[in-house]
Each structure stands twice: as C-alpha cells, then as structure tokens.
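User: I would like to understand how the descriptive terms for this model are assigned. Please set each value against its definition.

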Amino acid sequence: MRKLLAVFAHPDDESFICGGTLAKYASEGVDITLVSATRGEMGRRMGNPPYLNRETMAAAREVELRQACECLGIGQLLFLDIRDKTVEFIDEERLTARIETIIHEVNPDVVLTFHETLGGHPDHCAIGKAATAACRRTGHQGALYFITFGDAMARPERYGYTRKDVIRIDVQAHLAAKLAAFRAHRCQTEIDEWVWLPDQEALAKFGRHEYFLKADREAPTRDPYDLF
C-alpha cells in the first residue's frame, strides 16, 4: 500500500492548501497520516459571530479537524501538542527528532510539508524546516514535496523555480470533498460567505489544480502530474 505523510502546523492547513490532493490519493487507496503540530488555539477567527475563546478553541478545532479528515479520507491524525504560534520557538533538534520517529513508524512513500522560507506563517516555516531535516536524517527514500498556496506555482519563475520543479495535481474530481473539509472547519470558515454558498457556486471558487514543489530539484521527475 502506498503511504503519504503530511506534516503541517495547524488544523485546516491540510484542507485549505492541499485538500483536493489528499482526497484524490485517499480515493485511490493511499494510506494518509496527518501530523498537526498545534491545535490552532491562537487562531484569530473564533466563529461568526464569535462563540469560542482561547480556552475552548483547541478542543473545537480538534473536533473540526477530525471531521475534515473524514471528509478527505485521512486515516490517521497525530498531534505534536505544541502551542499555536510557538512552533518557531521549539528546540529544533527535539522537534526534528519527534518527526524523525514518526517517519520511521509510518515509512511513507511521500512526505508533504511546508517550505522553510516560502511557507508564510512562522509556524509553517518552522515545521517545514524540521520535517525536511527529519527526512534527510532518516535517509527517507521516498519523495519530499513542499505544499504551495493557490496557483502561485503556476508561474514558478517568480519564486526562482522552473516548471521542472513543480508537480501539478488535477483535483477537479475531488473538489466536493475539499469543500466538505472547508465546511468542517466551521469556526474558521463561517466568516467566508463563499464557502456557504450553494455547492455549485462554492465549488466554482476552487482552482482545478494544486501545486507542489520538489524538495530535491536534482531528482528526475517521473511524472509531473503525480506525487508518487
């Protein structure tokens, strides 16, 4: 069985950034493990109108993430229980070692994480840097890719990359699952009116493709439209 390990920072990263791809591979029988470094308790969105607070948000977001995992077909969910917005301050060696252990346990064919400088949020960059280091230290033989935002990598030259560095996944057939996962993250999406439009109108807001950067730019690309 093919295995995919996704190492992200917050509940909703998996759905908002690459939910279509995860749903696609789950539908093909790929065993998917998701690691969320935090429970997202410091998120600025607290429902609309607000009904959560710092004490209740972590539990609510865990429930929402588990629902999103069901929508996407993610089989296993692990938390690192790092406080939200503090991942960059965690001892890098210890964080890398924790991810290294997970890689040994899961033995994935594909690992997804954030790029350590293009990840945007400091938590994203920190978990991406640690996951990348963990892959290298384990001698991970599979492929490591960085997730990217929207269609930014449709023109990778703007970021110093070429099209050979990019894998483009067609997720058109899996947008309904992606939308369901968006809606599962209710406290984060209630304020976004488009998410709650009739399905066909909401689905039209998604792009057809999701893009991934190869961590090893020198590795030959077997198929520019497939992560495996």
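User: Why is Asn107 called exposed?

Analyst: The model is a predicted one, in which local features need pLDDT of at least 70 and side-chain atom pairs count only at pLDDT 80 or more, while totals for chains, interfaces and linings use all residues. Residues are numbered from 1 along each chain as its sequence is written, and side-chain values use heavy atoms, with hydrogens and water left out. Exposed means over 50% relative accessible area, buried under 20%, and partly exposed in between (1.4 Å probe, protein chains only). Asn107 has a relative accessible area of 55% and is therefore exposed.

User: What makes Lys85 partly exposed?

Analyst: The relative accessibility of Lys85 is 37%, so Lys85 counts as partly exposed.

User: Where do Lys85 and Asn107 lie, and what is the phi of Lys85 and of Asn107?

Analyst: Lys85 lies in the loop between β3 (76-79) and α3 (92-106), and Asn107 in the loop between α3 and β4 (110-114). Helices (H or I, at least four residues) and strands (E, at least two) are DSSP runs, numbered from the N terminus. Phi is near 70° for Lys85 and near 55° for Asn107. Most residues other than glycine have a negative phi, and most peptide bonds are trans.

User: Which peptide bond is cis?

Analyst: The bond joining Asn48 and Pro49 is cis, with omega about 0°. Pro49 belongs to the loop between β2 (31-36) and α2 (57-72).

User: How many disulfides are there?

Analyst: A disulfide is a pair of cysteine sulfur atoms within 2.5 Å. By that rule the count is 0. Cys18 is in no disulfide, the nearest cysteine sulfur, that of Cys69, being 11 Å away.

User: Why does the sulfur of Cys135 form no bond with the closest cysteine sulfur?

Analyst: The closest cysteine sulfur, in Cys18, is 15 Å from that of Cys135, which is too far for a bond. Cys135 is buried because its relative accessible area is 5%; Cys18 is likewise buried, at 1%.

User: How do you know that Glu210 is buried, and what does its side chain reach?

Analyst: Glu210, in strand β7 (residues 209-214), has a relative accessible area of 4% and is therefore buried. The side chain of Glu210 reaches the backbone nitrogen of Gly20 at 3.0 Å. Contact means heavy atoms within 4.5 Å. Leaving aside neighbours within four places in sequence, Glu210 is in contact with residues including Cys18, Gly20, Arg168 and Lys178.

Notes
A polar contact is a pair of N or O atoms within 3.5 Å; within protein, one must be able to donate a hydrogen and the other to accept it, and residues adjacent in sequence count only if both atoms are side-chain atoms.
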